[in-house]
Amino acid sequence: MSRYSAFSLFKNALSGHKNWKRAWRAPEPQKKYDVIIIGGGGHGLATAYYLAKEHGITNVAVLEKGGLGSGNIGRNTTIIRSNYMLGANTRFYEHSMKLWEGLSNDLNYNMMFSQRGLINLAHTPGQMDAFSRRGNAMLMEGVDAELIDNQEVCRRVPGLYCGQNTRFPILGGLCQPRAGTARHDAVAWGYARGADQYGVDIIEHCEVIGFIKDGDTVTGVKTNRGEIFAPKIGVSVAGNTSTVMKLAGIDKLPIESHVLQAFVSEPLKPFLNTVVTYGAGHLYISQSDKGGLVFGGDLDGYNSYAQRGNLPIFEHVAAAAVTMFPVLSRLRLLRNWGGIMDMSMDGSPIICKGPLPGLYLNAGWCYGGFKATPAAGWCFAYTIAKDQPHPLNADFTLDRFYTGHELDEGGSGPYPGHQ
Amino acid sequence: MIINCPICGPREAAEYSYIGDATRVRPEADNIDLNSWSDYVHQRQNPRGNHHEHWQHSGACRSILCVTRDTLSHAISGVKLVGPYSEDTK
Ligand SMILES: Cc1cc2nc3c(=O)[nH]c(=O)nc-3n(C[C@H](O)[C@H](O)[C@H](O)COP(=O)(O)OP(=O)(O)OC[C@H]3O[C@@H](n4cnc5c(N)ncnc54)[C@H](O)[C@@H]3O)c2cc1C
Ligand SMILES: [Zn+2]
């Protein structure tokens, strides 16, 4: 398999870019593998890559019901950060951040990872206090954090309205300088190519429609392309977690599926060189390399498996964007879409062995699973290979909801989306 | 999305607040089995298809409704009042 480099780009330019090889094969499924991963999103592909790279397990299939990247990995607003407060979350997301920092080199694929910083705005003294507490918690775990005042926010984000003549004036913010964005499609393609190079079979248009069980033990899957067996089967299907787990006989999980929308404006000249989030409502915004403003906000707010949302959220999000950046009021929207989120009851993820013998579960990513992609794959691969969690995901269990060990960052109780 | 409130008539969904899954059954107050409380608080069937869910018409009459809605198409096939004035308690 060829490496990508300036030289290969030059060589292929000479033949009019007509001779590039496929980035991954399109194999027929075999009867049996050592590990099957269900779901070819970012997490499933990263899991396969780290199974091969870190644990030498290469007889692996990734089964994807659609085309690669058609799920949330290709639908998100690409924000990457590790500014959490609870220890388990901070350590996990910081591990992810470190993997991001070396990922383009590791995969020989340009992730366009841009550490342009992220500023969470604060509008009340209470929020400033909460941010200083969170910032200190981050610093104690070795994560970068900076508390900045109104003037500094104003200096860093020129288009932002920083005056007093608004309902929620900006008092300051919490900045994580190492946070940023990456190219979401490249993450799927890079991990797919990386896993494929180790011999992993990536099987697209292969939908799991049932499980094969021996007593309680899961031994294989039924798909639209036949039965496939493996002693270890990892489920990593984001918003479809409940649907797929029902096929295995698991009727209830601490998860609800909700739709989250994303919006992209017509392209502008360079306008915003960092990521900003509004603190008196819910909005996050950044500018893509093509110039479009990429933004999103709250869930639509009711259970949904429809990959599209409704207008009230658009109105709400657009209003927040214009409150922050009055200069955007005449900007036109280019595109919007929705993705289905696996909202867990405490807002934190699940990466564990079980709930049935032979089965492993990676789920509950809420709206923050893109930034987690490298670490989720890394930890899920570890859990599958070693049959026990790594210390980094040891707290992300399914039974924490029974033992009182929920990881509720927002302290907001068991309501999906109230984080 | 339009929800047809039995009291106010058809109104857009933004007038309502979502409460969630209406099929959960709250354990009796003197039930001290922690697992059944955790089931009630955290565990969901999360169906892809018809879902019985509570909404409150918080922007108008404030009554609580049980809505049957398809989570895949968002189509609503039933709306019932719950509480003291509902059909069930008449
Ligand atoms: C609009 C939006 C904005 C977001 N913004 C951010 C952000 O800024 N930052 C951030 O960190 N996160 C963000 N997220 C969340 C993030 O995208 C997800 O948490 C993450 O992508 C989920 O993991 P994944 O990539 O593996 O999911 P997916 O890409 O959805 O992968 C799951 C795959 O499983 C497949 N599948 C399902 N059922 C089956 C079956 N029966 N058989 C075979 N395959 C099946 C699906 O087709 C899908 O491809 C956002 C999400 C959305 C929708
Ligand atoms: Zn009403």
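# Exercises on a predicted two-chain model

An open sheet in chain A has three strands in the order β9-β10-β11, paired antiparallel. The model is predicted, and the exercises below refer to it.

## Exercise 1: the sheet

Task: Determine which strands of the β9-β10-β11 sheet stand at the edges, and describe how β10 is joined to β11.

Solution.

Step 1. Take the strand order, β9-β10-β11 in chain A. β9 (208-214) and β11 (226-229) of chain A each have a single partner strand, so they are the edges, and one side of each lacks a neighbour in the sheet.

Step 2. From one strand to the next, the twist averages 30°.

Step 3. Turn to β10 of chain A, residues 217-223, which is linked to β11(A) by four bridges, the two strands running antiparallel. Strands in a sheet pair through backbone hydrogen bonds.

Step 4. Locate a facing pair: A:Lys222 lies opposite A:Glu227 in β11(A).

## Exercise 2: the interface

Task: Describe the contact between chain B and chain A by its residues, its buried area and its polar pairs.

Solution.

Step 1. Count the residues: chain A contributes 26 residues and chain B 22 residues.

Step 2. Consider the area. About 2,200 Å² is buried between the two chains, with 48% of it from carbon and sulfur atoms. B:His42, B:Arg44 and B:Asn46 account for 29% of what chain B buries against chain A, more than any other three residues.

Step 3. Look for charged pairs. One salt bridge is found across the interface of chain B and chain A. In a salt bridge with an N to O distance of 2.8 Å, the side chain of B:Arg44 meets that of A:Glu256; this distance is within the 4 Å limit for a salt bridge.

Step 4. Add the polar contacts, which number 16 residue pairs between chain B and chain A, both residues at pLDDT 80 or more.

Step 5. Assign the chain B side to its elements. α1 (34-42) and β4 (50-56) of chain B each supply at least two residues to the side touching chain A. α1(B) gives the most, with five residues.

Step 6. Sort the residues of that side of chain B by type: seven are nonpolar, 10 polar and five charged.

## Exercise 3: a salt bridge within chain A

Task: Find which parts of chain A are linked by the pair A:Asp106 and A:Lys53.

Solution.

Step 1. Over all chains, the structure holds 22 salt bridges.

Step 2. One salt bridge joins A:Asp106 and A:Lys53, whose closest N and O atoms are 3.2 Å apart.

Step 3. Place each residue: A:Asp106 belongs to helix α3 (residues 87-107) and A:Lys53 to helix α2 (residues 42-55), both of chain A. The two residues are 53 residues apart, and the pair links distant parts of the chain.

Methods: Residues are numbered from 1 along each chain as its sequence is written. Chains are lettered from A and ligands numbered from 1 in the order in which they are written. This is a predicted model: local features need pLDDT of at least 70, side-chain atom pairs count only at pLDDT 80 or more; totals for chains, interfaces and linings use all residues. Side-chain values use heavy atoms; hydrogens and water are left out. Two strands pair if DSSP finds at least two bridges between them. Axes are lines fitted to C-alpha atoms, for helices over the stretch in contact, and angles run from 0 to 180 degrees between N-to-C directions. Contact means heavy atoms within 4.5 Å. Buried area is the accessible area (1.4 Å probe) that two parts lose on being put together, summed over both. A polar contact is a pair of N or O atoms within 3.5 Å; within protein, one must be able to donate a hydrogen and the other to accept it, and residues adjacent in sequence count only if both atoms are side-chain atoms. Ala, Val, Leu, Ile, Met, Phe, Trp, Tyr, Cys and Pro count as nonpolar, Asp, Glu, Lys and Arg as charged, and the others, Gly among them, as polar.
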